[in-house]
Each structure stands twice: as structure tokens, then as C-alpha cells.
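Dear colleague,

I am passing on the structure below, together with some notes on what turned up in it. Please read the notes with the structure open beside them.

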Amino acid sequence: AVTPNAGEKFIGEAKAESTALKHAKVEKSLAKNLICKLDVENGVKVYDVEFYFNGYEYEYEINAVSGKVLKAEKERAG
């Protein structure tokens, strides 16, 4: 399990999801197969957020502490 270091506070899955959805300009009610999981990428704790909307797959990495969007990808779902 990924845990915060002393003094760190994670933003939480709900905030990570809303950050990704807001960035993608997609309403949560319209996002299909929304998945959010805590992970570590290159030593950085992130929330991996994935969802589908309107024939596209969206993948985000949101910094688990700052809430900053570190990666945003959108590709045609096939």
C-alpha cells in the first residue's frame, strides 16, 4: 500500500477524480468505467485516474499530495 510520509497529506480519490474530470471538461455522470488508484511513478505518489467518454480513453496522473496534473492523455478508444 502507498502511504504518506510524515507531514504529507493525500488529496484523496474524490479530489483526484474531480481534478482529472475538470481538466478533461467531462461531467462525472458521463464518464464511463471511472477508475482511480493510488500508485507510485518514478518515486512520486500519484493517483492514476482513467475513464472513457465519447469514444475516447482518458488517462491521468494526479500528484497525490499537491493535486497537480502530472500527465494527461486522451486517445481514441479502440
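Does Val-65 count as buried, partly exposed or exposed, and what is its relative accessibility? Please keep in mind while looking that this is a predicted model. Val-65 has a relative accessibility of 34%, and because buried means under 20% and exposed means over 50%, Val-65 counts as partly exposed.

As to its surroundings, Val-65 is found in the loop that lies between β3 and β4. Leaving aside residues up to four places away in sequence, Val-65 touches Glu-8, Lys-9, Phe-10 and Ile-11. Lys-45 is 20 residues from Val-65 along the chain, and the C-alpha atoms of these two residues are separated by 7.5 Å.

The strands come next. Strand β1, which covers residues 32-41, runs antiparallel to strand β2, residues 44-53, and the two are joined by 8 bridges. Strand β2 is in turn joined by 8 bridges to strand β3, residues 56-63, and this pair also runs antiparallel. Tyr-47 of β2 can be followed across both pairings, since its bridge partner is Leu-38 on the one side and Ile-62 in β3 on the other.

Both pairs form hairpins, and each has a residue with a positive phi. In the hairpin of β1 and β2, with 2 residues between the strands, Asn-42 has a positive phi near 50°. In the hairpin of β2 and β3, which likewise has 2 residues between its strands, the turn residue Asn-54 takes a positive phi of about 55°.

The helix α1 spans residues 13-24. Its 12 residues should span 16 Å at 1.5 Å a residue, and the C-alpha atoms at its ends are 16 Å apart, so the expected and the modelled spans agree. Just after α1, Lys-25 has a positive phi of about 60°.

Several residues of α1 are buried, namely Ala-16, Glu-17, Thr-19, Ala-20, Leu-21 and Ala-24, and what covers the buried residues of this helix includes β1, β2, β3 and β4, the last of these being residues 69-76.

Glu-17 may be worth a look of its own. Its relative accessibility is 12%, and because buried means under 20%, Glu-17 counts as buried. Not counting residues up to four places away in sequence, Glu-17 touches Lys-28, Leu-34, Cys-36 and Val-49.

With best regards

Technical notes. Residues numbered from 1 in each chain as written. Predicted model: local features only at pLDDT ≥ 70, side-chain atom pairs only at ≥ 80, totals over all residues. Heavy atoms only, no water. Helix = DSSP H or I, 4+ residues; strand = E, 2+ residues; numbered from the N terminus. Buried < 20%, exposed > 50% of the residue type's maximum accessible area, 1.4 Å probe, protein only. Contact = heavy atoms within 4.5 Å. Pairing = 2+ DSSP bridges. Expected span 1.5 Å × (residues − 1).
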